[in-house]
Protein chains: 2
Amino acid sequence: MTAPLDLDLLEQQVRAALETEDITTLRELVARIYPPDLADIIERLDDEDQQRVFSLLELSQAADVLDEASIDTARELIGQMPVEQAADILEELDSDDAAAILTEDVPERQNELLAAMAPEEAADVRELLRYPPQSAGRLLNDRFVALRESDTVADAMERLRNIVHDAAVIVYLYVLDQHDRLIGTVSLRRLLVDSPNRPIIELMRPSPLAVQPETDQEEVARMVARYDLAALPVVDGEGRMLGVVTVDDVMDVLLEEGTEDVLKFGAVAQGQADETYFTTPIVASVRRRIVWLLFLFVAGSITANVLRLFETELEQVVALSFFIPLLIGTGGNTGAQTVSTLIRAMALNEVRLRDVWRVLVRELLVGIILGVLLAIIAFGRAFLEVPMASLAITVALSVMAICIWANIIGAMVPMAARRVGIDPALISAPLITTLVDASGLAIYLLIAKLLLGL
Amino acid sequence: MTAPLDLDLLEQQVRAALETEDITTLRELVARIYPPDLADIIERLDDEDQQRVFSLLELSQAADVLDEASIDTARELIGQMPVEQAADILEELDSDDAAAILTEDVPERQNELLAAMAPEEAADVRELLRYPPQSAGRLLNDRFVALRESDTVADAMERLRNIVHDAAVIVYLYVLDQHDRLIGTVSLRRLLVDSPNRPIIELMRPSPLAVQPETDQEEVARMVARYDLAALPVVDGEGRMLGVVTVDDVMDVLLEEGTEDVLKFGAVAQGQADETYFTTPIVASVRRRIVWLLFLFVAGSITANVLRLFETELEQVVALSFFIPLLIGTGGNTGAQTVSTLIRAMALNEVRLRDVWRVLVRELLVGIILGVLLAIIAFGRAFLEVPMASLAITVALSVMAICIWANIIGAMVPMAARRVGIDPALISAPLITTLVDASGLAIYLLIAKLLLGL
């Protein structure tokens, strides 16, 4: 009874029914499965069985499954059915979900499918497609309950009952003036207990939060989360209500944006919203990565200059070069850890700009402890490789110094970024690594020069 | 009228009213501000003004502001008020929010404050604290509408109206048997339109999704997002209903977990849920980082062995060592980009295990293009540093080979991780960098040996 549902078991049952060609059982079985689960099960079947199961679904369930299916599966399912049938299913979906399928799953068939859809539904979808990708407009749902200022509680309940089966949100009702401008919201909680004759204007919360359709979906998501909303109204430049963005769409945005931060941290520039791993053209992938790579390459080539400065020392003790990758690697790793810790702490508002000194002291301490621990290991490792005590001491001291230095860089760079108005999440691990590389080398070779008397 | 609200303007108004000591205006002003906004504004004031504004709030608004305030501010606000007043505010909060404040904001005063709270509310909070941090139990809200199997639609609406002002969720009502076991849900949408005499058992959706209180909050969040729920019931081992986790708590979890992925990618082990940047003991920070650092250090020390193998070559052409940091740095950066791309694609289900060959071909292509582009730059850069054509060609070819190799490693490691059941999000940038370091070096020096005839 308690979730997580046993998807494997359900899959076995579906496969068994397919094998015995027991269509009645299969039909009953799939009718009971939640659409996202059914989408997952269908994905695991081969193309022919996918089609067999999908064709058993009622239109509304087929629409839900298509909505939940991965891009690959959605493409296959749509590809295998007549265009009219695909259009029927798209009509069944909310406009925002149909728009998402037409732009993300089968962009090359967008026009063909829109042409096959009923004119009214197609117009609704085209309307949404006018807005930029990843904007509130793309998530717009126009099935909300609209009230007039003159309505009573009884009127409001009547209106709600008329469209309740189809409304995207029922916990808020929206009061519009004669020009359809949003002037307030009424909560269903109030309607349920207030007297039927009471004018809704008396229960209305005026000047509700709202966004414009061009607002970025991440900002919409942050607002919904911040103010604990079930839906956020979207209004045009004149304040006319266009629809709502509901919390379930917002959750999908949050899941998606969370993974985007990992991309940024890996130094990959942001792509088009509509693209996915396989649908992104190779050239676009390259473009998104080469800018950072080139920048890091040029920045990293300073290391060659640093080493050239110490050419004589390296010629005298070639063994010095053995530990270069290890030392700068450790510096990069420590720096990446610190910067990820800081990015998270700043995103959660645990650290603010005015905390800069506290952060510095803390990371200095952590850096010293980590540095001492690694220095002990480094001494042993270096001595094992090249039995020369002065060199092993040089390596150990360098590890310590580089650890501390990388910790400071990793802590200060994201804070400096925020100071000048750059999103700290844009500070990537490779950027910190590259910054630490050249300076770490200089630290190492200076210590070597001093200790080895070169 | 449309958001984002102008927080700066509101802050100015609050400051102006504070300056002129216009308490009436100030009280009216703050009463109109949404709690999360007010919390932000209060945070920007100095300690004395914080207290002045906070003391003007009604109990319920004070509770909401405390709930939304950052840990630092919450600590200061609670620290500056008598323990009885703090207890009153905590009583006003939902148990899960009070539990969060007592464990995250003022853990050292948990017992003192619980003792000062009304026994019943304190017991509710203690109940929640029995569950592990970051579990469904910690998010539990017991203010749901419970129905009996024998109820009619009219009974259900009556029950709903009685607690609607206080219920955590109203769009679902929960049907319990005589042992309080959850047997089904009824949606408010159905109740609003069905005939009053109809038994709710006829509208009930049986065997609803539910979780146990020990379920990890991330799994709860993923279920709520997957099935588009407004609330998810929590039941004990016998199926008795304990409460619900609501979607607004789930959104906060998603925001938090999104930033956790960045930590993992930075190779920092996961900490205690209750800890924040400044409240984490330094020793705990070190522990969480040293394991990865040590592992990477040991893995990275292979690079010293590789270089030792090529000692003669490095002695003959010291200039070879100049480009070591640049080459392995570029390999690390390319690898980090690829792995972050794959982690995201796998998290969004755009790439599955069976796509391994398609991924390989794609990343190979991207690697070749990136490699060729960087090789051109590398040739120029190397020749500028050391005017020796054969060396510059060696560096250029190595950059290309390392780029391609790093791309393959960065694509295959997260897929291999998933294959053996490890979360791909645990594959960190430093891990890939370290893997690419030693192999990249070997590639470079082998190419040098061949081309330079060493």
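Which residue of chain B forms a salt bridge with Arg226(A)? To find out, select Arg226(A) and display the side chains around it. The partner is Asp37(B), and the closest N and O atoms of the two are 2.9 Å apart. Please bear in mind throughout that this is a predicted model.

**First stop: the contact between the chains**

Colour chain A and chain B separately, and then select the residues of each that touch the other chain. The selection should hold 141 residues from chain A and 141 residues from chain B. Together the two chains bury about 12500 Å², and 64% of that area lies on carbon and sulfur atoms. Within this area, highlight Tyr277(A), Phe297(A) and Arg362(A): they supply 7% of what chain A buries against chain B, more than any other three residues.

Next, consider the links across the contact. Between chain A and chain B there are ten salt bridges, and the count of residue pairs in polar contact is 33. Now select residues 324–347 of chain A, which form helix H19. This helix gives the most to the side of chain A that touches chain B, with 18 residues. Colouring that side by residue type shows 80 nonpolar, 28 polar and 33 charged residues.

**Second stop: two residues at the contact**

Select Asp40(A), which is placed in helix H3 (residues 35–44) of chain A. Is Asp40(A) buried or exposed? Its relative accessible area is 18%, so it counts as buried, the limit being under 20%. The side chain of Asp40(A) is joined to that of Arg226(B) by a polar contact of 2.9 Å. Leaving aside residues up to four places away in sequence, Asp40(A) touches Leu7(A) and Arg226(B).

Move on to Ala225(A), in helix H13 (residues 217–226) of chain A. Ala225(A) is buried, with a relative accessible area of 3%. Which residues does Ala225(A) touch, not counting those up to four places away in sequence? They are Met251(B), Asp252(B) and Leu255(B). For a sense of distance, select Ile324(A) as well: the C-alpha atoms of Ala225(A) and Ile324(A) are separated by 47 Å, and the two residues are 99 apart along the chain.

**Third stop: the sheets**

Switch to a cartoon display and locate the sheet of chain A. This open sheet has four strands in the order S1-S2-S3-S4, with mixed pairing. Strands S1 (146–148) and S4 (205–206) of chain A are at the edges; each has a single partner strand, so one side of each lacks a neighbour in the sheet.

Zoom in on S1(A) and strand S2 (residues 172–176) of chain A, which run parallel and are joined by three bridges. Two pairs to label here are Arg148(A) with Leu176(A) and Leu147(A) with Val175(A); in each pair the residue named second is the bridge partner in S2(A). How many of the five residues of S2(A) are buried? The count is five of five. Both faces of the strand are covered, with Tyr172(A), Tyr174(A) and Leu176(A) on one side and Leu173(A) and Val175(A) on the other.

Then turn to chain B, where four strands form an open sheet in the order S1-S2-S3-S4, again with mixed pairing. Its edge strands are S1 (146–148) and S4 (205–206) of chain B, each pairing on one side only. Strand S3 (residues 182–187) of chain B runs antiparallel to S4(B), and two bridges join them. One to label is the bridge between Gly184(B) and its partner in S4(B), Pro206(B).

**Last stop: salt bridges within a chain**

Over all chains the count comes to 54 salt bridges. Select Asp8(A) and Arg44(A), whose side chains meet in a salt bridge of 2.9 Å, N to O. Asp8(A) lies in helix H1 (residues 7–19) of chain A and Arg44(A) in helix H3 of chain A, so the pair ties together parts that are 36 residues apart in sequence. Asp8(A) is partly exposed at 45% relative accessibility, and Arg44(A) is partly exposed at 34%.

Return to Arg148(A), which also forms a salt bridge with Asp180(A) (3.0 Å, N to O). Arg148(A) lies in strand S1 of chain A and Asp180(A) in the loop between S2 and strand S3 of chain A, so this pair ties together parts that are 32 residues apart in sequence.

Finish in chain B with Arg44(B) and Asp8(B), whose side chains meet in a salt bridge of 2.9 Å, N to O.

Key. Residues numbered from 1 in each chain as written. Chains lettered and ligands numbered in written order. Predicted model: local features only at pLDDT ≥ 70, side-chain atom pairs only at ≥ 80, totals over all residues. Heavy atoms only, no water. Contact = heavy atoms within 4.5 Å. Buried area = accessible area lost by both parts, 1.4 Å probe. Salt bridge = Lys/Arg side-chain N within 4 Å of Asp/Glu carboxyl O. Polar contact = N/O pair within 3.5 Å; in protein donor to acceptor, adjacent residues only side chain to side chain. Nonpolar A, V, L, I, M, F, W, Y, C, P; charged D, E, K, R; others polar. Pairing = 2+ DSSP bridges. Buried < 20%, exposed > 50% of the residue type's maximum accessible area, 1.4 Å probe, protein only.
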